[in-house]
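Trainee: Hey, could we go through this one together? I'd like to get a feel for how the pieces fit.

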Amino acid sequence: MERHTTLGEFIIENQKDFPYAKGELSALLSSIRLAGKVVNQQINKAGLAEILGKAGKENVQGESQAKLDVLANEIFVSTLRNRGEICGLASEELEDYLVFDEEMHKNAEYIVLIDPLDGSSNIDVDITVGTIFSIYRRISKKGTPATLEDFLQPGINQVAAGYLIYGTSTILVYTTGNGVNGFTFDPGIGSFFLSHSDIKFPKKGNTYSVNEGNYVHFPQGIKKYIKWVQELNEEENRPFTSRYTGSLVADFHRNMLLGGIYLYPQGTTAPKGKLRLLYECNPMAFLAEQAGGKATDGSRRIMELQPQELHERAPFICGNKEMVEKAEEFMQ
Ligand code: AHM
Ligand code: MG
């Protein structure tokens, strides 16, 4: 059999990247990998297991929750709670952050922020969904309960971030600030194998991903940018191709591999856009920058925004550096 690196091996081999590593971050990434496998298994059989459809509840943002949203959230929370690496967790699906203060979490130095099932409006129609995660070191003193301050850190403080994409294959992509790598799940063996090493956005891209149905609500700069990408200019490969799934993870993944830009700007009906700064924008921004791309709210670097509250939203433009800079020009 040809030699393939497993995600487990890769995590251990790269532990030396952290000057202070005592193996906890590696263990935490392994816990996320485990939870991801369980969610993946549930998603694959969703049509049979009566876990499609709405859960009949709304999340904190007043959006209706799908059963799989709730289930994915429970799987990540319980998997991470049952292991001692984090002292707290905040989830897009939970109103408040959770404090893990049992004996085994006493020495935990990390907190996790998670969007357990992103793109969940796509579940019932069999389109790709994902899980997005973001990891920080706590600010509060070790041995005390995690505080809100631990969760409201700017994205530049992230120690690691990544996503699982449940698509034609299931892939886990993550960064610890030293490049971006992707691992494809082999369901027969039950392991993730390194399949996309050191991912970088191609220098040029010609795909744009935006919900153009919201066009009338967009700021002038975005409207002009959209018109510009649709103009004919053979030298610049325009008009660009439009691709939008309604799953950030899927649109981001494709744009990172093939070159493209994702936009969820503010609108007249949503002054700060739709995406959540902590659970969606920051982790994707960290990955984008690590892959040579860029993420902005139109004028400011996403990862430098100081969050004010857990479920805060932010306008989000992310992708190839050159493409994002062009959009920023239009926003000025
Ligand atoms: P969710 O976390 O509730 O699934 O919402 C986030 C999703 C993104 O994955 C996606 O890009 C966007 O919302 C789609 O929104 P819209 O349907 O407004 O285009
Ligand atoms: Mg989401």
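**Domains, sheet and helices**

Mentor: Sure. Keep in mind that this is a predicted model. The chain is divided into domain 1, residues 7-198, and domain 2, residues 207-331.

Trainee: What separation is there between the centres of domain 1 and domain 2?

Mentor: Taken over C-alpha atoms, the centres are 23 Å apart.

Trainee: And how many residues does the contact take from each?

Mentor: Domain 1 puts in 35 residues and domain 2 puts in 26 residues.

Trainee: Which strands supply the side of domain 1 that touches domain 2?

Mentor: Among the suppliers are β5, β6, β7 and β8, with at least two residues from each. That side of domain 1 divides into 18 nonpolar, 14 polar and three charged residues.

Trainee: OK, new topic. What's the strand order in the open sheet?

Mentor: There are eight strands, and the order is β4-β3-β5-β6-β7-β8-β9-β10. The pairing is mixed.

Trainee: Why is one side of β4 and of β10 left without a neighbour in the sheet?

Mentor: β4 (98-99) and β10 (191-196) stand at the edges and each has a single partner strand, so one side of each has no neighbour there.

Trainee: Can we zoom in on β8 and β9? Do they run parallel or antiparallel?

Mentor: Antiparallel. Strand β8 covers residues 170-175, strand β9 covers residues 180-186, and five bridges join them. To pick out one partner in β9, Y174 is bridged with N181.

Trainee: Now the helices. Which strands does α2 touch?

Mentor: Helix α2, residues 24-44, packs on the sheet and touches β3 (86-91), β5 (110-118), β6 (129-137), β7 (158-166), β8, β9 and β10. The direction of α2 makes about 20° with that of β7.

Trainee: And α3, which strands does that touch?

Mentor: Helix α3, residues 67-81, also packs on the sheet, touching β3, β4, β5 and β6. The direction of α3 makes about 160° with that of β5.

Trainee: How do the axes of α2 and α3 cross?

Mentor: They come within 9 Å and cross at roughly 155°. That makes the two helices, α2 and α3, roughly antiparallel. The crossing of α2 and α3 is right-handed.

Trainee: Which residues in α2 and α3 meet?

Mentor: From α2 you have S31, L34, A35, V38, V39, Q42 and I43. They meet L68, L71, A72, I75, F76, T79 and L80 in α3.

Trainee: How many residues in that contact are nonpolar, polar or charged?

Mentor: The contact of α2 with α3 has 11 nonpolar residues, three polar and no charged.

Note on methods. Residues numbered from 1 in each chain as written. Chains lettered and ligands numbered in written order. Predicted model: local features only at pLDDT ≥ 70, side-chain atom pairs only at ≥ 80, totals over all residues. Pairing = 2+ DSSP bridges. Helix = DSSP H or I, 4+ residues; strand = E, 2+ residues; numbered from the N terminus. Contact = placed C-beta atoms within 7 Å. Axes fitted to C-alpha atoms, helices over the stretch in contact; angles between N-to-C directions. Parallel < 35°, antiparallel > 145°, perpendicular 65-115°, else oblique. Left-handed = near helix turned anticlockwise from the far one by under 90°. Nonpolar A, V, L, I, M, F, W, Y, C, P; charged D, E, K, R; others polar. Domains from an automatic or database assignment.
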